[in-house]
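Trainee: I've got a model open and a few things I'd like to go through with you. Can we take them one at a time?

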Amino acid sequence: MIKAFQKEGAIRKNFMDYISLFAIIILVAVFTIINKNFLSLFNIKNLLTDMGPLLVMGCGVTMVLLIGSIDLSIGSIASCASVIFAITLPHWGAMAYLWALAFGVVAGLINGIVYTRVKIPSFIATLGAMSVWQSVAYVISHGAPVQINLKLWNFINWSKIKFGFFPLVLIVALSIVAICYILLNYSKLGKYIYAIGANERGARMAGVRINFTKMMVFTVCGIGSAGMGILLSAKLKSGIPTVGEPFTLMAVAAVALGGTALSGGKGGVLGTIIGVAVVTIINNGMQVVGVDTFWQQVVFGFIVILAVYLTVDRSSRHLSIK
C-alpha cells in the first residue's frame with residue numbers, strides 16, 4: 001500500500017515537472033490554428049516584451065509563496081510606483097527610478113512589519129495594503145494617467161531596445177531571475193526561506209530568524225512590484241493609477257503554474273519563468289483571437305484554481321496560507 005502511494009506521488013511529481021511545458025506547446029498550437037498571426041515575427045517580439053515586467057514581479061511573488069504566505073498588494077504597489085515614477089521623472093530625471101524603487105522597499109517592508117510584528121495574517125495585511133496603495137495612486141495622480149513628456153522619453157527609450165528577438169526588458173528581467181536564483185539556492189537567507197515554508201516550527205527551533213526573513217521576503221516582493229510598475233510606465237509612457245490591477249491574479253497564476261506551492265517550501269524562480277511564459281501566451285493569445293477583456297479575467301481565475309489544485313501537496317494537513 002505504501003509503495004503504491006509512493007509510486008502515485010512520483011508519477012504526480014513527474015507530471016507536474018512537465019505540465020507547463022506541455023501547456024505551452026498546446027497553447028501555441030491552438031492559437032496558431034485559430035489565427036496564424038499568433039506566430040508572426042511581430043507577435044513573438046510582443047510576447048517576449050510582455051514577459052519582462054511580469055517576470056520581475058513574479059520573482060518577488062515566488063519568494064512570498066515559498067514561505068507559505070501571500071501578497072495581494074502587488075498590483076497596487078505596481079500602480080503606485082508607476083505614478084510615482086511618472087511624477088518624479090520631470091523633476092529628478094534618472095533618480096525617478098530610485099524614488100519608485102524606494103517606494104517599493106517601504107511598501108514591502110510595511111507589509112512585512114504588519115505581518116510579523118502586529119501578527120496579522122498575510123492575506124488580511126496585504127488585502128488592506130492593496131486598498132491603501134491603490135487609493136494613494138489615485139490621490140497623487142488625481143485619478144488620471146500622468147503622461148511622460150516627449151522631452152523626457154530619452155530616460156525611458158531603453159525599454160524599446162531589442163537584440164534580435166530579445167528585448168532589453170526581458171534581458172533585465174532574466175538578470176533579476178538569476179540574482180534571485182543565486183539568493184535562494186546559495187545564500188543563508190534562501191535556506192531560511194525554504195525552511196520556513198517547509199516547517200516553520202522546526203525552522204524556529206533550529207534558530208532561523210523567522211521574522212527577519214519574512215520581512216526581507218516581503219521587502220523583495222515590494223521591490224519587484226515597484227520594478228514592474230516602472231517597466232509598465234516606460235512601455236506606456238505614462239503613470240497609470242490602475243495599471244497593476246490585472247497583474248495580481250496573473251502573477252500568482254504564473255508562479256503557481258511554475259511549480260511553487262502556495263503551502264510553501266517547494267518551487268523556485270526557474271519554474272516561474274515557465275509559468276510566466278504560459279500566462280503571457282494565454283493573455284496574448286486571447287487578445288489575438290479577440291476574446292473579450294472581461295472573459296480574460298474569468299480564464300485567469302480558473303487558471304489560479306487549477307494551478308493550486310495541481311501544485312498543492314494534499315498529503316499535508318497544513319495547507320492554510322499564513
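Trainee: Is lysine 235 buried, partly exposed or exposed?

Mentor: Keep in mind that this is a predicted model. Buried means under 20% relative accessible area and exposed means over 50%. Lysine 235 has a relative accessible area of 37%, so the label is partly exposed.

Trainee: Which lysine meets the side chain of aspartate 50 in a salt bridge?

Mentor: Aspartate 50 is in helix α2 and its partner is in helix α9 (residues 210-236), 185 residues apart, so you're looking at a link between distant parts of the chain. Aspartate 50 is partly exposed, at 26% relative accessibility. The N to O distance is 2.8 Å, and the partner is lysine 235.

Trainee: How many salt bridges does a search of the whole structure find?

Mentor: One joins aspartate 50 and lysine 235. Glutamate 200 meets arginine 204 at 3.3 Å, N to O, and glutamate 200 also pairs with lysine 214, with the closest N and O atoms 3.0 Å apart. For the whole structure, the search finds three.

Trainee: Which residues are linked with Glu200 in a network of salt bridges?

Mentor: Glutamate 200 and arginine 204 both lie in helix α8 (residues 200-205), four residues apart, about one turn of the helix. Lysine 214 lies in helix α9, so its pairing with glutamate 200 ties together parts that are 14 residues apart in sequence. Besides Glu200, the network holds Arg204 and Lys214.

Trainee: Is arginine 204 buried or partly exposed?

Mentor: Its partner glutamate 200 is buried, with a relative accessible area of 17%, and lysine 214 is buried too. Arginine 204 has a relative accessible area of 47%, and that makes it partly exposed.

Trainee: Let's go inside. Which helix gives the largest share of the largest nonpolar core?

Mentor: That core has 62 residues, and Leu54, Met57, Val61 and Val279 touch the most other members. The largest share is 13 residues, from helix α2 (residues 41-66).

Trainee: What is valine 279 in contact with, leaving aside its neighbours within four places in sequence?

Mentor: Start with helix α10 (residues 247-257), where ten of the eleven residues are buried. Met250, Ala253, Ala254 and Leu257 are among those buried residues. They also turn up among the contacts of valine 279, and the full set is Leu54, Met250, Ala253, Ala254, Leu257 and Phe300.

Trainee: Is alanine 261 buried or exposed?

Mentor: Just after α10, glycine 259 takes a positive phi of about 100°. Alanine 261 is in the loop between α10 and α11 (269-288). At 2% relative accessibility, alanine 261 counts as buried.

Trainee: Where is confidence lowest in the protein chain?

Mentor: Overall, the mean pLDDT is 88, and 91% of residues reach 70 or more. Helix α4 (residues 95-116) has the highest confidence, at 97, while the lowest is a mean of 68, in α1. Within residues 1-10, where the pLDDT is below 50, there are zero contacts beyond near neighbours in sequence. So much for the ends of the scale: the lowest is in α1.

Trainee: How much accessible area does the nonpolar patch with Leu21 have together?

Mentor: Leucine 21 is found in helix α1 (residues 2-34), and it counts as partly exposed at 37% relative accessibility. Its patch also takes in Tyr18, Phe22, Ile25, Ile26, Val30 and Ile34, and together they have about 700 Å².

Key:
Residues are numbered from 1 along each chain as its sequence is written. This is a predicted model: local features need pLDDT of at least 70, side-chain atom pairs count only at pLDDT 80 or more; totals for chains, interfaces and linings use all residues. Side-chain values use heavy atoms; hydrogens and water are left out. Patches are made of residues with over 30% relative accessible area and no salt bridge: like charges are joined within 9 Å, nonpolar side chains (Val, Leu, Ile, Met, Phe, Trp, Tyr) within 5 Å. Accessible areas come from the Shrake-Rupley method with a 1.4 Å probe; for residues, only the protein chains shown count as cover. A salt bridge is a side-chain nitrogen of Lys or Arg within 4 Å of a carboxyl oxygen of Asp or Glu. Helices (H or I, at least four residues) and strands (E, at least two) are DSSP runs, numbered from the N terminus. Buried means under 20% relative accessible area, exposed over 50%, partly exposed in between (1.4 Å probe, protein chains only). pLDDT is the predictor's confidence in each residue, from 0 to 100. Contact means heavy atoms within 4.5 Å. A nonpolar core is a set of buried Ala, Val, Leu, Ile, Met, Phe, Trp, Tyr and Cys residues joined through side-chain atoms within 4.5 Å.
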